[in-house]
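Subject: Handing over the structure

Hi there,

Here is the structure I promised to pass on. Please open it beside this email and follow along as you read.

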Amino acid sequence: MAEYDYDLFVIGGGSGGVRAARVTAALGKRVAIAEESRFGGTCVIRGCVPKKLYVYASQFPEHFEDAAGYGWTVGEASFDWRALVAAKDKEIGRLETIYRSGVERAGGTAFASRATLIDAHTIRIEAENRTVTADQILVATGARPNPHAALPGHEHCIFSDEAFDLAELPKRMVIAGGGYIAVEFANIFHGLGVETTLIYRGLEILGRFDMDMRKTLHETMEKKGIRILCQTIFEKIERRLDGSLDAHLSDGQVLTADQVMLAIGRIPNTENLGLEAAGVALGKTGEIMVDAYSRTNVENIWSVGDVTDRKQLTPVAIHEAMCFIETAFKGNPTKPDHETIATAVFSQPEIGTVGLSEEAASEKFEEIDIFRAAFRPMRNILAGRDEKMIMKLVVDKKSGRVVGAHVLGPDAGEMAQLLGIPIKAGLTKADFDRTMAVHPTAAEELVTMYQPSYSVRNGKKV
Ligand SMILES: Cc1cc2nc3c(=O)[nH]c(=O)nc-3n(C[C@H](O)[C@H](O)[C@H](O)COP(=O)(O)OP(=O)(O)OC[C@H]3O[C@@H](n4cnc5c(N)ncnc54)[C@H](O)[C@@H]3O)c2cc1C
């Protein structure tokens with residue numbers, strides 16, 4: 001066998017790559033990882049982590065309002081965008097260090113460099129202008145925002161990457177997109193006091209989520225003051241003399257804003273990586289094609305995370321990395337499991353979801369029972385906040401299995417995590433019913449909805 005410099009070389013120091021490098025190094029293997037930007041990748045530097053910090057920041061105005069109902073008088077509040085950006089930078093800097101040093105402490109080598117493939121076993125480390133060799137290679141280069149290059153004036157737009165670090169908070173913002181990133185940013189900017197418009201080409205925001213949740217979130221966002229325009233797209237973006245932007249929509253409207261943000265999907269980072277030289281096959285949208293074990297068509301080259309465009313979520317990238325290690329280094333071939341993934345939209349209110357939507361379940365099963373509760377959570381009553389919470393269980397009537405659970409309201413993301421366990425385990429509605437409630441909580445509704453609200457038979461509500 002040829003002698004290589006490393007047992008494993010990982011390209012990309014994000015969620016999937018760092019996990020694979022750290023755990024494989026801890027097995028005693030010779031491991032190196034290259035990151036061209038900042039260790040931690042999208043999630044830590046320009047995704048989940050800063051996003052959640054900004055969600056927290058944007059919720060304070062409502063907390064201040066609600067406090068009055070509980071007897072508090074809160075003085076005039078003001079917000080300092082630059083202070084938030086600086087606090088966020090400090091925290092992601094801390095996490096970045098942890099990500100890098102974690103690999104090094106496990107015995108791996110971390111290169112702050114772009115890396116490309118020369119052939120199936122040779123990697124070029126650009127910053128050092130040299131090549132190294134590796135027995136196994138893992139490509140975990142992630143994805144980036146779709147730049148929408150066909151849109152006239154697209155060069156005036158920002159993406160989620162820039163939205164975190166704007167020099168100043170805009171007064172007016174238009175966001176294009178109907179996925180969770182667009183929806184979350186619309187809520188963040190609105191909460192921070194920005195006049196926000198969301199435009200989306202589809203019929204309703206958040207495709208593939210349960211329609212009940214999508215519609216109710218849409219209505220609630222509008223009630224808060226976010227303008228949502230569906231079934232329209234940008235035709236062009238023009239810069240005005242005063243520096244603001246005109247977004248021309250396909251329905252003839254022109255929206256003037258200080259920033260226009262595009263959140264219309266993400267594309268895999270596979271260009272100029274040397275994948276062709278190594279013989280790695282790509283799919284239609286440039287994603288790396290992998291088999292059920294995350295192996296590419298080249299035997300010693302593997303790929304995990306967003307660059308494979310399976311499910312673009314951090315825990316999925318990490319899970320795929322852990323399965324890769326089992327398969328490639330522990331003699332225990334393990335397929336990542338992409339079924340029944342609990343997830344959340346950190347909108348305001350949040351959506352937490354796991355399993356099938358009512359629409360998907362009604363296509364899959366002959367008859368389903370829907371257990372649904374819509375109520376004002378206790379916290380909103382004294383606050384005088386007229387916002388409803390929805391809990392919904394989707395049950396296959398024949399087997400009694402709960403096949404979907406959907407929550408809209410405060411802490412829905414936290415609930416989705418816990419609901420993920422019984423639903424993944426295939427538990428039935430009877431199991432939910434015999435679980436004692438925790439009182440007084442909002443989540444107790446999930447185990448106290450004894451009668452179906454309605455059923456859906458062969459796709460029709462009965
Ligand atoms: C705004 C936003 C919010 C999000 N919120 C959530 C959330 O709430 N929950 C959730 O689960 N997921 C969320 N995600 C998705 C999540 O961030 C990704 O699914 C996750 O980061 C994917 O990990 P990865 O390892 O595949 O890629 P990444 O984390 O993108 O890492 C890839 C790394 O590879 C590096 N790289 C690329 N090419 C090279 C090269 N040639 N050489 C060296 N380095 C290279 C990149 O610089 C990058 O650091 C969010 C994403 C965004 C954009």
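Let me begin with one term: a crossing of two helices is called left-handed if the near helix is turned anticlockwise from the far one by less than a right angle, and right-handed if clockwise. Please also keep in mind that this is a predicted model.

**Helices α6 and α7**

With that term in hand, look at helix α6 (residues 180–191) and helix α7 (residues 211–224), whose axes come within 11 Å and cross at roughly 20°. Angles under 35 degrees count as roughly parallel, so α6 is roughly parallel to α7. The crossing in which α6 passes α7 is left-handed. On the α6 side, V183, A186, N187 and H190 make the contact, and on the α7 side L217, M221 and K224 do. Sorted by class, the residues of this contact are four nonpolar, two polar and one charged.

**A closer look at V183**

Is V183, which lies in helix α6, buried or exposed? V183 is buried, with a relative accessible area of 0%. If we set aside the neighbours within four places in sequence, V183 is in contact with G178, L198, I205, L206, L217, M221, V345 and S347. You can also find H218, 35 residues from V183 along the chain, with 9.4 Å between the two C-alpha atoms.

**Helices α3 and α6**

Now turn to helix α3 (residues 48–67), which packs with α6 at an angle of about 40°, the axes being 7 Å apart. That angle makes α3 oblique to α6. Here, too, the crossing is described by its hand: α3 passes α6 in a left-handed crossing. Which residues meet in this pair? From α3 come K51, Y54, V55, S58 and P61, and from α6 come Y180, E184, N187, I188 and G191. The classes in the contact of α3 with α6 are five nonpolar, three polar and two charged residues.

**Helices α1 and α9**

For a right-handed example, find helix α1 (residues 15–26) and helix α9 (residues 314–329), which pack at about 35° with axes 8 Å apart. α1 passes α9 in a right-handed crossing. The α1 residues in the contact are S15, G16, R19, A20, V23 and T24, while α9 brings T314, A317, I318, A321, M322, F324, I325 and F329. By class, the contact of α1 with α9 has nine nonpolar, four polar and one charged residue.

**A residue in a strand**

Next, try A32, which you will find in strand β2 (residues 31–35). With a relative accessibility of 0%, A32 counts as buried. Beyond the neighbours within four places in sequence, A32 has contacts with Y6, L8, F9, V10, T109 and F111. The C-alpha atom of A32 is 8.6 Å from that of D7, although 25 residues separate the two along the chain.

**The cysteines**

How many disulfides does a search of the whole structure find? The search finds zero. Take C230 as a worked case: the closest cysteine sulfur, in C157, is 19 Å from the sulfur of C230. A disulfide needs the two sulfur atoms within 2.5 Å, so this pair is too far apart for a bond. C230 is partly exposed, with a relative accessible area of 22%. C48 is also partly exposed, and its relative accessible area is 32%.

Happy exploring, and write back with any questions!

Best wishes

Conventions: Residues are numbered from 1 along each chain as its sequence is written. This is a predicted model: local features need pLDDT of at least 70, side-chain atom pairs count only at pLDDT 80 or more; totals for chains, interfaces and linings use all residues. Side-chain values use heavy atoms; hydrogens and water are left out. Axes are lines fitted to C-alpha atoms, for helices over the stretch in contact, and angles run from 0 to 180 degrees between N-to-C directions. Helices (H or I, at least four residues) and strands (E, at least two) are DSSP runs, numbered from the N terminus. Angles under 35 degrees count as roughly parallel, over 145 as roughly antiparallel, 65 to 115 as roughly perpendicular and the rest as oblique. Contact means heavy atoms within 4.5 Å. Ala, Val, Leu, Ile, Met, Phe, Trp, Tyr, Cys and Pro count as nonpolar, Asp, Glu, Lys and Arg as charged, and the others, Gly among them, as polar. Buried means under 20% relative accessible area, exposed over 50%, partly exposed in between (1.4 Å probe, protein chains only).
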